[in-house]
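User: I'm new to this one and would like to go through it piece by piece. Can you put it up so that we can start?

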Amino acid sequence: MGKITGFMEFRRISEHSLPVAERLKNYKEFIPRLTDQQTSVQGSRCMDCGIPFCTTGCPVNNIIPDWNDLVYRGNWKQALDVLHSTNNFPEFTGRICPAPCEAACTLTINDDAVGIKSIEHAIIDKGWEEGWVTPQPAQTKSGKRIAVVGSGPAGLACAQQLARVGHDVVVFEKNDRIGGLLRYGIPDFKLEKSHIDRRIEQMRAEGVEFRVNQHIGVQVSAQKLKDEFDAVVLTGGAEQPRDLPVPGRALQGVHFAMEFLPQQNRIVAGDVVPDQIKATGKHVVVIGGGDTGSDCVGTSNRQGAASVTQFEVMPRPPEQENKPLIWPYWPMKLRTSSSHEEGCQRDWAVATKELTGKNGKIEKLHAVRVEWKDGKMQEVPGSEIEMKADLVLLAMGFVSPMQQVLEAFGVEKDGRGNAKAVTEGAGYYQTSVDKVFAAGDMRRGQSLVVWAIREGRQAARAVDEYLMGSSSLPL
């Protein structure tokens with residue numbers, strides 16, 4: 001619980017960012033962790049609130065008050081153990097999670113929330129610095145073999161949990177490097193890939209085998225996996241983007257965000273990308289106001305765009321939520337990311353109507369303002385917008401996981417095109433196909449990294465119970 005009066009004595013200290021001009025020069029992370037002393041003070045702000053809503057607000061149910069108190073008292077290694085007991089990869093969530101735990105913090109009712117995410121960031125970074133993060137290989141082997149399809153956060157969490165209870169685990173990844181959307185969806189300035197690489201080395205030491213360039217259903221048959229393994233877990237990400245069905249969509253210079261972002265990840269990794277989609281010197285329009293759109297803004301600015309504009313079809317959210325009405329749930333309010341701070345013109349309630357150009361190349365975007373009534377969108381007469389656009393990036397979310405894998409295994413799908421698999425009761429996380437399980441985006445659709453980790457961990461327990469009759473893995 002920290003210091004009894006800490007929340008009254010100390011203010012929240014947020015992690016500082018490097019100046020915009022400095023961080024735009026490269027693709028490195030620019031938010032260093034708090035010092036040990038600052039983190040201790042922040043941990044002291046954790047209240048004796050009785051019911052820690054932060055824990056229930058966190059998808060992996062992190063035992064937040066415990067590690068806040070341990071950091072406050074200087075017991076860093078024990079704090080790391082508590083953190084790892086619920087979260088396999090806090091260096092990922094401590095950097096890119098939007099922190100629903102902080103929205104649920106009791107202190108946020110009438111004050112600034114405890115800096116939970118910054119404390120998590122500090123604990124795991126100190127753990128790596130001190131050499132406390134080590135492999136945990138199983139002492140005995142079960143003799144069971146499990147295939148995990150997809151190496152994003154759900155697949156990695158599932159694989160690590162299963163390996164630690166003695167199963168032989170093989171992770172299959174369709175790309176040339178392990179990491180899924182962590183590797184090729186999130187820009188390096190938000191998550192440097194060295195964090196993924198050192199976890200992979202830890203997992204290799206724990207017995208996990210990784211196979212890249214293995215697209216299941218394309219290069220490797222689903223039947224081969226079912227024949228060679230005792231269980232298969234499908235954990236691929238939601239990669240089917242929502243399209244923009246307007247005239248001019250086929251013009252050169254109109255791309256999905258997930259065509260644009262992975263190319264820059266590859267360049268940072270040292271690859272050569274022929275005909276790379278670049279924003280350099282261009283007037284860029286990003287359609288979609290979520291995290292993926294924000295990532296396009298940050299990447300475009302680093303590439304030297306002439307201008308960056310971001311449109312969102314929904315209305316502008318309020319500056320501040322109604323806390324008595326919303327708390328402890330995730331609030332709908334205006335959020336400004338570090339990428340927006342680096343330079344971006346944002347606009348809301350705007351719908352794109354047409355894209356026009358010459359010689360097959362995009363030159364202009366035509367849009368109209370809209371208003372929402374009773375959940376329905378209506379165009380505002382006389383509100384037409386026309387603007388220069390050399391590069392249009394579509395970042396309007398994802399509708400489903402890629403269908404090849406699901407169709408290759410023949411699993412039943414829900415109405416949104418995800419694998420149909422329950423999460424409670426008998427046979428949880430199992431699909432309609434014997435010994436085939438599904439978790440993460442593959443089951444629940446597009447979601448947060450922290451939800452992927454939770455689902456991967458829970459699916460691991462489900463597989464362990466399926467194979468062994470019982471499991472010592474936590475839910």
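User: Is Asn-213 buried, partly exposed or exposed?

Analyst: Before the answer, please keep in mind that this is a predicted model. Asn-213 has a relative accessible area of 39%, so it counts as partly exposed. Asn-213 sits in the loop between β3 (209-211) and α13 (222-228), and it has a positive phi of about 55° although it is not a glycine.

User: Which residue other than glycine also has phi near 55°?

Analyst: Asn-359 has a phi near that positive value of 55°, and it lies in the loop between β10 (350-358) and β11 (361-373). With a relative accessible area of 78%, Asn-359 is exposed.

User: OK, backbone again: where is there a cis peptide bond?

Analyst: A cis peptide bond joins Trp-327 and Pro-328, with omega at about 5°. Pro-328 belongs to the loop between α16 (323-326) and α17 (338-341).

User: Let's switch to helices. How do α10 and α20 pack?

Analyst: Helix α10, which covers residues 153-164, packs with helix α20, residues 449-468, at an angle of about 35°, and their axes are 7 Å apart. The crossing of these helices, α10 and α20, is right-handed.

User: And which residues meet there?

Analyst: From α10 the residues are Pro-153, Ala-154, Ala-157, Cys-158, Gln-161 and Leu-162, and they meet Val-449, Ala-452, Ile-453, Gly-456, Arg-457, Ala-459, Ala-460, Val-463 and Asp-464 in α20. Sorted by class, the contact of α10 with α20 has eleven nonpolar, two polar and two charged residues.

User: Gln-161 is on that list; is it buried or exposed?

Analyst: Gln-161, in helix α10, has a relative accessible area of 5% and is therefore buried. Leaving aside its neighbours within four places in sequence, Gln-161 is in contact with Asn-88, Arg-457, Ala-460, Leu-473 and Pro-474.

User: What about α5 and α9, at what angle do they pack?

Analyst: Helix α5 (residues 64-72) packs with helix α9 (residues 116-130) at an angle of about 60°, with their axes 11 Å apart, and α5 passes α9 in a left-handed crossing. On the α5 side the contact is made by Ile-64, Trp-67, Asn-68 and Val-71, while α9 brings Ile-116, Ile-119, Glu-120 and Ile-123. That contact of α5 with α9 has six nonpolar, one polar and one charged residues.

User: Which residues does Ile-116 touch, beyond its sequence neighbours?

Analyst: Once neighbours within four places in sequence are left aside, Ile-116 is in contact with Cys-54, Ile-64, Trp-67, Cys-101 and Glu-102. Ile-116 is buried, with a relative accessible area of 2%. Between Ile-116 and Gly-94 there are 8.8 Å in space, C-alpha to C-alpha, and the two are 22 residues apart in sequence.

User: You mentioned Cys-54, so how many disulfides are there?

Analyst: A search of the whole structure finds zero disulfides.

User: Why does Cys-54 have no bond to its closest cysteine sulfur?

Analyst: The closest cysteine sulfur to that of Cys-54 is in Cys-46, and because it is 6.0 Å away it is too far for a bond. Cys-54 is buried, at a relative accessible area of 8%. For Cys-49, the closest cysteine sulfur is in Cys-54 at 6.3 Å, which is also too far for a bond, and Cys-49 counts as partly exposed, with 32% relative accessibility.

User: Last topic, the sheet with β6 in it: what is the order of its strands?

Analyst: It is an open sheet of five strands in the order β6-β13-β7-β8-β9, and the pairing is parallel. The edges are β6 (254-256) and β9 (345-348), each with a single partner strand, so one side of each has no neighbour in the sheet. From one strand to the next, the twist averages 20°.

User: How many bridges join β6 to β13?

Analyst: Three bridges join β6 to strand β13 (residues 391-394), and the two run parallel. One bridge partner pair is His-255 with Leu-393, the latter in β13.

User: And which helix touches β6 and β13?

Analyst: Helix α14 (residues 257-268) packs on the sheet and touches β6 and β13, with its direction at about 75° to that of β6. Helix α15 (residues 291-302) lies across β7 (283-287), β8 (307-312) and β13, and runs at about 175° to β8.

Notes
Residues are numbered from 1 along each chain as its sequence is written. This is a predicted model: local features need pLDDT of at least 70, side-chain atom pairs count only at pLDDT 80 or more; totals for chains, interfaces and linings use all residues. Side-chain values use heavy atoms; hydrogens and water are left out. Axes are lines fitted to C-alpha atoms, for helices over the stretch in contact, and angles run from 0 to 180 degrees between N-to-C directions. Helices (H or I, at least four residues) and strands (E, at least two) are DSSP runs, numbered from the N terminus. A crossing is left-handed if the near helix is turned anticlockwise from the far one by less than a right angle, and right-handed if clockwise. Contact means heavy atoms within 4.5 Å. Ala, Val, Leu, Ile, Met, Phe, Trp, Tyr, Cys and Pro count as nonpolar, Asp, Glu, Lys and Arg as charged, and the others, Gly among them, as polar. Two strands pair if DSSP finds at least two bridges between them. A disulfide is a pair of cysteine sulfur atoms within 2.5 Å. Buried means under 20% relative accessible area, exposed over 50%, partly exposed in between (1.4 Å probe, protein chains only).
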